[in-house]
Amino acid sequence: MTADNLLARHRAVLPSWMPLYYAEPIELVAGSGRRVTDAQGRTYLDFFGGVLTNMIGYDIPEIREAVERQLRTGIVHTSTLYVIRQQVELAEKVARLSGIPDARVFFTNSGTEANEAALLMATNRRRSHQILAVRNSYHGRSYAAMGVTGNRGWSASPLNPLQVAWLHSGERLRGLLARLPEADQVDAAVEDLREVLATQTAGDVACLIAEPIQGVGGFVHGPDGLLAAWKKVLDEHGILLVSDEVQTGWGRTGEHRWGYQAHGVTPDLLTFAKGIGNGFALAGVVGRAEVVESVPAISFSTFGGNPVSTAAGNAVLDYLLDHDLQANAARTGAILADGLRAGVGDLPAVAEIRGKGLMLGVELVRPGTGEPDPALTNRVFEACRAGGLLAGKGGLYGNVLRMGPPLTLTEDEAREGLAILVDAIRSCAAEVTA
């Protein structure tokens, strides 16, 4: 990996359950725009952005300058026991952009913490530890967040502080809903929700937590309008809706600023993370005041919303809006989606090309069977790297190639990455069928 055998040192001191990408793991040592360079001097076009986190890209002057201005004050940390100007300014922007009336914002360091905080608020508001969650979901690695994660590969403990009842996801290839015409799937999902409430709960459920597009789950999503249909039933019972927008937020889908907006519904709580810090540790919850204020005791995050991270967050959000990156996500995402469908959509190994904007997945299967093919996915994944492109993997069975480039991706870069993707998928699929 490097002259000092960094990989061996990594394996000697870090846990084995922390995965490393690639048969020969790489160390990234420099970045600019949408490109990164490894320790061997090889440069790659990055279509995964630190797991959708480097939303604006690398080495962006406006973000760097905002952070350096804060560092020059000598104040890196004060704790939230003191008023933090950068935090207040960012909270005002987030509240305004959330679409939630009379909103309050609580900052954390990660999406996991944000979802944990949302669960704290919802369970206190409803005085219940009963939660509705969605199969194939991922909400984080803390105790309660794992408890509402519907993906066995990411459920690191069988213990759970919550009582969870599970709804069918919007999976369109497998499962009960996938057997139905799309026009019937929302009604079937509502029937499922009513049955789950009647049979698996004591009635006083706290909330439903759901991703508008499932991230780790392989960019699976149900029909538009599903969340609104669910919420009609939730409102009958006073159950809150938590929209996990850790990966879908800030315009990544191209259609809207938030994934929930494709459903014609407004959540009670919304969690955000990843892209808002563009690599700095920043996340949070925004929600209706009466729900956020339900926490009955003192609670704060030591580092959540610290001056440096919120300085970065303000610069990220200003850049996002000033450059209309939501429109850019729609434009460049269409180049990728249309190009993938034209370039590999005819292959028997490609079961589905899905997603929205710059949040795209290609599900690979064994031709003629529909069975997930994680081995083929890994070959394509490695071939992309060999071609100079970094992508991601995911899905319940590890057979989905995931793309989540920075929202600043140019049209030329989209076409460059598309050519590498098409070549990698076609060549690896040909090897399988040869």
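Which helix contributes the largest share of the negative patch? In this predicted model, a negative patch on the surface is formed by Glu62, Glu65, Glu68 and Asp322, and its largest share, 3 residues, comes from helix H3, which spans residues 61–72. Asp322, also part of the patch, is placed in helix H10, a segment covering residues 307–322. With a relative accessibility of 63%, Asp322 counts as exposed, because the threshold for that class is over 50%.

A surface patch of another kind, nonpolar in character, is made up of Val13, Leu14, Trp17 and Met18, which together present about 460 Å² of accessible area. Val13 belongs to helix H1 (residues 6–13), and with a relative accessible area of 66% Val13 is classed as exposed.

Salt bridges were then examined across the whole structure, where a search finds 20 of them. In one of these, the side chains of Asp318 and Lys93 meet at a distance of 3.0 Å, N to O; the pair links distant parts of the chain, since Asp318 is located in helix H10 and Lys93 in helix H4, with their positions 225 residues apart in sequence. The two partners fall into separate accessibility classes: Asp318 is partly exposed, having a relative accessible area of 33%, whereas Lys93, at 16%, counts as buried, because the limit for that class is under 20%. Lys93 lies within helix H4, which runs over residues 85–98, and, when neighbours within four places in sequence are left aside, Lys93 is in contact with Asn314, Leu317 and Asp318. The salt-bridge partner Asp318 is thus listed among the contacts of Lys93.

A further salt bridge joins the side chains of Arg174 and Glu363, with an N to O distance of 2.6 Å. Arg174 is found in the loop between strand E6 (163–167) and helix H7 (182–200), and Glu363 in strand E12 (residues 359–364), so this pair ties together parts of the chain that are 189 residues apart in sequence. Glu363 is buried, with a relative accessible area of 2%. Both residues also take part in a network of salt bridges, in which Arg174, Glu352, Arg354 and Glu363 are linked.

A salt bridge within a single helix is formed by Arg415 and Asp412, which both lie in helix H13 (residues 411–433) and are separated by 3 residues, about one turn of the helix. The closest N and O atoms of this pair are 3.8 Å apart. With a relative accessible area of 43%, Arg415 is partly exposed, while Asp412, at 61% relative accessibility, counts as exposed.

Attention was next given to backbone geometry at two residues other than glycine. Leu52 has a positive phi of about 60° although Leu52 is not a glycine, and a positive phi is likewise found at Arg127, where the value is near 55°. The settings of these residues can be described in turn. Leu52 is part of helix H2 (residues 49–52) and is buried, with a relative accessible area of 3%. Arg127, by contrast, is placed in the loop between helix H5 (111–126) and strand E5 (130–134), and with a relative accessibility of 63% Arg127 counts as exposed.

Leu52 is also one of the residues touched by Lys274, whose contacts, not counting residues up to four places away in sequence, are Val51, Leu52, Thr53, Val246, Gln247 and Leu282. Lys274 is situated in the loop between strand E9 (269–272) and strand E10 (283–288). At 22% relative accessibility, Lys274 counts as partly exposed, because the buried class is reserved for values under 20%. Lys274 and Thr248, which are 26 residues apart in sequence, are separated in space by 9.8 Å, C-alpha to C-alpha.

Definitions and conventions: Residues are numbered from 1 along each chain as its sequence is written. This is a predicted model: local features need pLDDT of at least 70, side-chain atom pairs count only at pLDDT 80 or more; totals for chains, interfaces and linings use all residues. Side-chain values use heavy atoms; hydrogens and water are left out. Patches are made of residues with over 30% relative accessible area and no salt bridge: like charges are joined within 9 Å, nonpolar side chains (Val, Leu, Ile, Met, Phe, Trp, Tyr) within 5 Å. Accessible areas come from the Shrake-Rupley method with a 1.4 Å probe; for residues, only the protein chains shown count as cover. A salt bridge is a side-chain nitrogen of Lys or Arg within 4 Å of a carboxyl oxygen of Asp or Glu. Lys and Arg count as positive and Asp and Glu as negative; His and the chain ends are not counted. The place of a charge is taken as NZ of Lys, CZ of Arg, CG of Asp or CD of Glu. Helices (H or I, at least four residues) and strands (E, at least two) are DSSP runs, numbered from the N terminus. Buried means under 20% relative accessible area, exposed over 50%, partly exposed in between (1.4 Å probe, protein chains only). Contact means heavy atoms within 4.5 Å.
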